[in-house]
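Colleague: I've got a chain here that I'd like to understand before I go back to the bench. Can you walk me through it?

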Amino acid sequence: MYAILKTGGKQYRVQEGDIINVERLNPLAEDNEEVTFNEVLFVADGEHTEIGCPYVEGAKVQARVVENGKGEKIIVFKYKAKKDYRRKKGHRQPYTKLEITSIGFPGFSGEQEDTND
């Protein structure tokens, strides 16, 4: 089973056991803390798919925070030729590393709903 979730303005395709880096969660989540994402856009297993409009009702992705950190440093260098203008800055993007523990959607429980009442 896999899902597509939205967090930090980006979309991630995840399965159970995946480890992903997302934009730092606000408020800051501590290590080994459980977080739940309700903004699930798509859920699928081997036989069924469910597409949200915009989100899938009742779908949840649970994850455990592995660590909070900063990415690799990038250098931002601005200059203007022949004008003696130079600015050099560094930037390290903060991130939260997550391990996906479960994907829940009650519609895929394996039980067929009885529509003949």
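**Surface, shape and core**

Modeller: Sure, starting with the surface: the chain exposes about 8,600 Å², and carbon and sulfur atoms supply 45% of that. Those areas come from the Shrake-Rupley method with a 1.4 Å probe, and for residues only the protein chains shown count as cover. Keep in mind that this is a predicted model, where local features need pLDDT of at least 70, side-chain atom pairs count only at pLDDT 80 or more, and totals for chains, interfaces and linings use all residues. Residues are numbered from 1 along each chain as its sequence is written, and side-chain values use heavy atoms, with hydrogens and water left out.

Colleague: How many helices and strands are in the chain?

Modeller: We take both from DSSP runs, helices being H or I over at least four residues and strands E over at least two, numbered from the N terminus. Read along the sequence, the pattern is β-β-β-β-β-β-β-β-β-β. That makes zero helices and ten strands.

Colleague: What radius of gyration does the chain have?

Modeller: The C-alpha trace spans about 80 × 30 × 25 Å along its principal axes. The radius is taken over C-alpha atoms, and the globule rule is 2.2 Å times the number of residues to the power 0.38. A compact globule of 117 residues would come out near 13 Å, but the chain has 20 Å.

Colleague: Which residues touch the most other members of the largest nonpolar core?

Modeller: A nonpolar core here is a set of buried Ala, Val, Leu, Ile, Met, Phe, Trp, Tyr and Cys residues joined through side-chain atoms within 4.5 Å. This one has 22 residues, and among the elements giving two or more are strand S1 (2-7), strand S4 (34-37) and strand S7 (60-70). The ones touching the most other members are Val35, Phe37, Val43, Val61 and Leu98.

Colleague: Is Thr7 buried or exposed?

Modeller: Thr7 sits in strand S1. Leaving aside neighbours within four places in sequence, Thr7 is in contact (heavy atoms within 4.5 Å) with Tyr12, Val22, Leu25 and Phe37. Buried means under 20% relative accessible area, exposed over 50%, partly exposed in between (1.4 Å probe, protein chains only). Thr7 has 11%, so Thr7 is buried.

Colleague: And Gln11, buried or exposed?

Modeller: Gln11 is found in strand S2. Beyond neighbours within four places in sequence, Gln11 is in contact with Ile4, Leu5, Lys6 and Leu41. Still, its relative accessible area is 57%, so Gln11 is exposed.
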